[in-house]
Amino acid sequence: MSEDLLAGTDMQVAFNALGRMPESATLEEISEEMAILAAIRRGEAAADAGRTLTHEEVKQRSASWTVK
């Protein structure tokens, strides 16, 4: 996703996202798009705050998520 898509205030990002969606978009699709954008914003804030994991840490954590 381009950084331009997330430029501006939350309201500007929401309006821009709505403008890119087709007129036929359902409320569920709109809600999903807003949730995705919010999650990206939260991830960016976490990264900016230094709350990240190394590749090795992710591998170790995710190993317990799969059934062997």
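The exercises below work through a predicted model of a protein, each with a solution in steps.

**Exercise 1. Describe the fold of the protein in terms of its helices and strands, and say in what order the elements run.**

Solution. Begin with the count, which gives 3 helices and 0 strands for the protein. Next, follow the chain from the N terminus, where the elements run α-α-α. The ranges can then be filled in: helix 1 covers residues 10-20, helix 2 covers residues 27-48, and helix 3 covers residues 55-63.

**Exercise 2. Compare the radius of gyration of the protein with that of a compact globule of 68 residues, and add what is known of its extent and burial.**

Solution. Start from the reference value: a compact globule of 68 residues would have a radius of gyration near 11 Å, but the protein has 16 Å. Then turn to the C-alpha trace, which spans about 45 × 30 × 15 Å along its principal axes. Consider burial next, where 12% of the 68 residues count as buried. Finally, look at the surface as a whole: the protein exposes about 5,700 Å², and carbon and sulfur atoms supply 57% of that area.

**Exercise 3. Find the salt bridges of the structure and describe where their partners lie.**

Solution. A search of the whole structure finds 2 salt bridges, and they can be taken in turn.

- In one of them, Asp10 pairs with Arg41, with the closest N and O atoms 2.3 Å apart. This pair links distant parts of the chain, since Asp10 is in helix 1 and Arg41 in helix 2, 31 residues apart. As for their surroundings, Asp10 is exposed at a relative accessible area of 54%, whereas Arg41 is partly exposed at 23%.
- In the other, Lys59 pairs with Glu56, and here the closest N and O atoms are 3.6 Å apart. Both residues lie in helix 3, where they are 3 residues apart, about one turn of the helix. Lys59 counts as partly exposed at 44% relative accessibility, and Glu56 counts as partly exposed at 41%.

To complete the view of the charges, take the mean positions of the 7 positive and 12 negative charges of the protein, which are 11 Å apart.

**Exercise 4. Decide whether Met11 is buried or exposed, and name the surface patch to which Met11 belongs.**

Solution. First place the residue: Met11 lies in helix 1. Then apply the cut-off, by which a residue is exposed when its relative accessible area is over 50%; Met11 has 54% and is therefore exposed. Lastly, look for its partners, and Met11 proves to form a nonpolar patch on the surface with Phe15 and Leu18, with about 330 Å² of accessible area together.

**Exercise 5. Locate Ser64 and state how far Ser64 is from Asp48, both in sequence and in space.**

Solution. Ser64 is found in the segment after helix 3, and at 59% relative accessibility Ser64 counts as exposed. Counting along the sequence, Ser64 and Asp48 are 16 residues apart, while in space they are 27 Å apart, taken from C-alpha to C-alpha.

How values were computed:
Residues are numbered from 1 along each chain as its sequence is written. This is a predicted model: local features need pLDDT of at least 70, side-chain atom pairs count only at pLDDT 80 or more; totals for chains, interfaces and linings use all residues. Side-chain values use heavy atoms; hydrogens and water are left out. Patches are made of residues with over 30% relative accessible area and no salt bridge: like charges are joined within 9 Å, nonpolar side chains (Val, Leu, Ile, Met, Phe, Trp, Tyr) within 5 Å. Accessible areas come from the Shrake-Rupley method with a 1.4 Å probe; for residues, only the protein chains shown count as cover. A salt bridge is a side-chain nitrogen of Lys or Arg within 4 Å of a carboxyl oxygen of Asp or Glu. Helices (H or I, at least four residues) and strands (E, at least two) are DSSP runs, numbered from the N terminus. Buried means under 20% relative accessible area, exposed over 50%, partly exposed in between (1.4 Å probe, protein chains only). The radius of gyration is taken over C-alpha atoms; the globule rule is 2.2 Å times the number of residues to the power 0.38. Lys and Arg count as positive and Asp and Glu as negative; His and the chain ends are not counted. The place of a charge is taken as NZ of Lys, CZ of Arg, CG of Asp or CD of Glu.
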